[in-house]
Amino acid sequence: MASNVKASFVVVFVFVFMLTLNAFIGGIDAAGECGKTPIRTAAASLSPCLSAAGNASAKVPPACCTKVSALIKTSPKCLCAVLLSPLAKQAGIKAAIGITVPKRCNIRNRPVGKKCGRYTVP
């Protein structure tokens with residue numbers, strides 16, 4: 001009987017520990033490259049850029065340039081995180097092309113020369 005109580009205690013302890021660890025890790029993740037904005041929200045805000053980020057010869061819409069410019073001002077690392085995310089890949093965004101959007105928009109304050117994964121901001 002005592003061993004059943006010990007086993008139950010260990011299971012409960014491990015469960016509580018895992019919940020606590022998950023909450024801690026989730027809290028860290030919430031303050032990632034996009035600050036407290038979830039990466040899905042940041043990616044959704046860049047939806048006007050879908051065609052331009054998947055096709056190097058596509059014209060970049062003005063709405064895309066506005067969104068990218070605002071994101072670079074507030075959180076330049078977020079743009080990189082969005083471009084390298086699995087979500088972007090699922091949407092048909094090619095990181096090598098997406099990284100050129102700020103230049104194609106003639107955004108002057110873009111982080112030229114900074115690395116974004118294996119790509120360099122032109």
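Is cysteine 64 buried or exposed, and at what relative accessibility? In this predicted model, cysteine 64 comes out at 0% relative accessibility, and since buried means under 20%, it counts as buried. Its partner is cysteine 49, with the two sulfurs 2.0 Å apart. Cysteine 49 sits in the loop between α2 and α3 (50-54), while cysteine 64 belongs to helix α4 (residues 62-74), so the disulfide ties together parts 15 residues apart in sequence. The torsion about this S-S bond is 105 degrees, and the link is right-handed. Cysteine 49 is buried too, with a relative accessible area of 5%.

That bond is one piece of a bigger set: the count comes to four disulfides. Numbering the bonded cysteines along the chain, the pairing reads 1-5, 2-3, 4-7, 6-8.

Next up is the pair formed by cysteine 34 and cysteine 78, where the S to S distance is 1.9 Å. This one links distant parts of the chain, with the two cysteines 44 residues apart. At one end, cysteine 34 lies in the loop between α1 (2-30) and α2 (39-45); at the other, cysteine 78 is in helix α5 (residues 76-84). The torsion about the S-S bond is about 90 degrees, so this disulfide is right-handed. As for exposure, cysteine 34 has a relative accessible area of 10%, so it falls in the buried class. Cysteine 78 is down at 1% and counts as buried as well.

Helix α5 also supplies a cysteine to another bond, cysteine 80. Here the partner is cysteine 116, and the sulfurs are 2.1 Å apart. Cysteine 116 is found in strand β1 (residues 115-116), so the pair ties a helix to a strand across 36 residues of sequence. With a torsion of about 105 degrees around its S-S bond, this disulfide is right-handed. What about burial at the two ends of this link? Cysteine 116 is buried, at a relative accessible area of 2%. Cysteine 80 comes in at 17% relative accessibility; the cut-off for buried is under 20%, so cysteine 80 still counts as buried.

Taking the bonds by their place in the fold, one runs from the α1–α2 loop to helix α5, one from the α2–α3 loop to helix α4, and one from helix α5 to strand β1.

Terms used
Residues numbered from 1 in each chain as written. Predicted model: local features only at pLDDT ≥ 70, side-chain atom pairs only at ≥ 80, totals over all residues. Heavy atoms only, no water. Disulfide = S-S within 2.5 Å. Helix = DSSP H or I, 4+ residues; strand = E, 2+ residues; numbered from the N terminus. Buried < 20%, exposed > 50% of the residue type's maximum accessible area, 1.4 Å probe, protein only.
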